Amino acid sequence: MRWGMVINLAKCTRCHACVAACRIEHFLPLGVNWPRLIAYETDIPGQELTTIPVRCNQCKEAPCVEVCPAEATKKRPDGIVYVDNNICVGCRYCVVVCPYQNRTFFSRDKDPGYFPGHERTRFEKAGRKLFPHVSGTTEKCDFCMERIDAGMAKGLVPGKDREATPACVNTCQARALTFGDLDDPNSEVSKLIREKNAFQLHPEYGTEPSVYYIDGKIGGAPSNIAPREEQTASHMQHLSTMEAKAREIFKKNKESK
Amino acid sequence: MSRMATRQWMITHEWMIKPMHQREWIERRGIMIWIAETFTSLGSGLYLVSLFINSWWGLLVGWLIIMFLKLPLHIAYFGKPWRFYRTMPPFSNAWKTSWFARGILFSVFFGTFAFIQLVFGQPDLADLIGRSIADPIYYVFGVLAGLSALGVGIYGGFIMNYVKGIPFWNQGLLPVVIMLAGVADGFGLVMAVGLAGGDASVTWAETGSRYLLMINVLLIVTYLISAGYSSSVAKLSIQELLKGPTALMFWGGTIILGLAVPAVVSVISLFSGEDVSTVLLIIAVASHTLGAFALKYCLLKVGIYRPLLPRFAAY
């Protein structure tokens, strides 16, 4: 089993919802980015300036895993590369060595709070407890491995069941992101890669990224705009999950007082 | 939405779309890496040269540079400095794959072996213990410390060489360039040890420095030419070095101070046929050392990543 993601650039509406969903899911501090949408100029008429969503490629031959002197960056049997922030020494070699530059060093000065000079919001305070970020260490996307693990423990299938699927995939209204098992030839991601000629970023590095991209015309694929109801529902469902978690924390805080 | 309006809210994300500089190891706290890496070259180079000419004072200064300048700076750069022990066995077996971890191990071995060598090489202590016991220990640990110093001097090159995203660094010659530049700096510092009244021969160091300078000029030229052929991003790095924002540091620091001034002093001493004045030698040593700082700065500063997207593969 090897988890992977296919990003259909033809479907992506550049809405930044995946970036926001990740920020909410992991309570990312202001200066830390896991997924990003990067803008670039093209020669295509009417599309002079466009974007591409990027995130950690969860490389099969991850240079960051090989170079980490403390073995803080690890690769799981399911292919997910993650950082153990309780071990990371913050040498930043992984940040430098990542050819895709998808790692962020979380220093104290990257954490001024969302409203510098003001008290942290309830959301930020809850985030500190739900997902504590360790300053002085490196961070990156981990395909929401905690969601995958929790979901699989309930017998759910990542990529099919929302509860076991990365937050960015859940929230994408245009369904531009697809998640699944790359080793399963019948999975949706494997089919997309085969049928749509999906490509990886810089395969010549020999890193074998687990994130694939589909570019160009959609062809016979369904419309790239999801129904409005579905968009709203996906947002509501995601936010309500987080709200429930946050309420638990607020309740505990009140009780402890 | 007009193109202009679109541009206004999207322009801020032009990240990894065009060739982008590495900043972690040269800007802000990254300056510590630059200085630490220079001390790595100076310390290991001096130790190796001193080992060759059996200069106890040279060995001592080399060891002090590594232990009290290089290592503290490297550790201080860490986001979690107190966790540095986690990079070594038994806490981590990363040395099997990581040059960073290997470098830390080399440094620890070097610190230990060189210390033992220095203790048993100290004339008064050696006499006290007895030469028949002290000398074999001195030589055995000298070999071990020398091998470790070689590791310390070369691992930085391999660390940079491993970064596939930066074509200018991803060159087979880089570890050799860094190692030999370190040895040349070692010759410069040995001269300083001799001038300060240590047990190093200034004339011998000057002769060695002369040959090393020639080899280094050849190596740097070869490196730049071959890197330029490897990719257009590497070519961009070279352009930055030769006529871009880093040109002053490259021409003024690496070439003039690091290579030309020591070479001129060396030529003067060769043709004058007599001992060169102390002032000239001090100038040569100082410019050699400044050149070492400039070389490391240039290498780190012009590390440029290839853009992410295949459509920009021309880079």
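Here are some worked exercises on a predicted model with two chains, A and B.

**Exercise 1. Get to know chain B: how many helices and strands does chain B have, and in what pattern do they follow along the sequence?**

Step 1: Count the elements. Chain B has 11 helices and 2 strands.

Step 2: Put them in sequence order. The pattern reads α-β-α-α-α-α-α-α-α-α-α-α-β.

Step 3: Take a look at the overall dimensions. Along the principal axes, the C-alpha atoms of chain B fill a box of roughly 85 × 55 × 30 Å.

Step 4: Try the globule rule. A compact globule of 315 residues would have a radius of gyration near 20 Å, and chain B comes out at 22 Å, so the two agree.

**Exercise 2. Do the same for chain A, then put the two chains side by side: what percentage of residues is buried in each?**

Step 1: Start with the elements. Chain A has 8 helices and 9 strands.

Step 2: Look up burial. In chain A, 45% of the 257 residues count as buried; in chain B, buried residues make up 48% of the 315.

Step 3: Add the contacts. Take contacts with a separation of 6 or more: in chain A, 63% of them link residues 24 or more positions apart. For chain B that share is 72%.

**Exercise 3. Find where the chains meet: which elements of chain A give two or more residues to the side that touches chain B?**

Step 1: Count the residues involved. In chain A, 36 residues are in contact with 36 residues of chain B.

Step 2: Name the elements. On chain A they are β2 (36-41), β3 (49-54), α2 (63-67) and α3 (93-97).

Step 3: Sort the residues by kind. This side of chain A holds 26 nonpolar, 6 polar and 4 charged residues.

**Exercise 4. Explore the largest nonpolar core: which helix gives it the largest share of residues?**

Step 1: Pick out the best-connected members. Among the 153 residues of this core, A:Val6, A:Cys64, A:Val97, A:Leu177, B:Val190 and B:Met191 touch the most other members.

Step 2: Find the helix. The largest share, 14 residues, comes from α7 (residues 174-195) of chain B.

Step 3: Recall the general trend. In soluble globular proteins, nonpolar side chains tend to be buried together.

Step 4: Zoom in on one residue. Leaving out residues up to four places away in sequence, B:Met191 touches B:Val202, B:Ala205, B:Glu206, B:Ser209, B:Leu281, B:Ala284 and B:Val285.

**Exercise 5. Check a helix: what span should α8 (residues 202-230) of chain B have, and what does it have?**

Step 1: Work out the expectation. With 29 residues at 1.5 Å a residue, α8 of chain B should span 42 Å.

Step 2: Compare with the model. The end C-alpha atoms of α8 in chain B are 41 Å apart, which agrees.

Step 3: Look for the covered residues. Buried ones in this helix include B:Val202, B:Ala205, B:Leu212, B:Asn216 and B:Ile220.

Step 4: See what covers them. The buried residues of α8 in chain B pack against α7, α9 (232-243), α10 (247-272) and α11 (278-301) of that chain.

**Exercise 6. Follow A:Ile7 across the sheet: which residues are its partners in β9 and β8 of chain A?**

Step 1: Go to β9 (residues 211-214). Strand β1 (residues 3-8) of chain A pairs with β9 in the parallel sense over 4 bridges, and A:Ile7 stands opposite A:Tyr213.

Step 2: Go to β8 (residues 177-181). Here β1 and β8 of chain A run antiparallel, joined by 5 bridges, and the partner of A:Ile7 is A:Leu177.

Step 3: Check how covered these neighbours are. In β9 of chain A, A:Val211 and A:Tyr213 on one side and A:Tyr212 and A:Ile214 on the other are all buried. In β8 of chain A, 5 of the 5 residues are buried.

**Exercise 7. Inspect some backbone oddities: is B:Pro89 buried or exposed, and what about A:Gln58?**

Step 1: Place B:Pro89. This residue lies in the loop between α3 (56-77) and α4 (99-121) of chain B, and a cis peptide bond with omega of about 5 degrees joins B:Pro89 and B:Pro90.

Step 2: Count neighbours. B:Pro89 has 11 C-beta neighbours inside 10 Å, so it counts as exposed.

Step 3: Turn to A:Gln58. Although not a glycine, A:Gln58 has a positive phi of about 45 degrees, and its place is in the loop between β3 and α2 of chain A.

Step 4: Count again. A:Gln58 has 29 C-beta neighbours inside 10 Å and therefore counts as buried.

Conventions:
Residues numbered from 1 in each chain as written. Chains lettered and ligands numbered in written order. Predicted model: local features only at pLDDT ≥ 70, side-chain atom pairs only at ≥ 80, totals over all residues. Rg over C-alpha atoms; globule rule 2.2 N^0.38 Å. Buried ≥ 20, exposed ≤ 12 C-beta atoms within 10 Å, placed from the backbone. Contact = placed C-beta atoms within 7 Å. Nonpolar A, V, L, I, M, F, W, Y, C, P; charged D, E, K, R; others polar. Core = buried A, V, L, I, M, F, W, Y, C linked by C-beta atoms within 7 Å. Expected span 1.5 Å × (residues − 1). Pairing = 2+ DSSP bridges.
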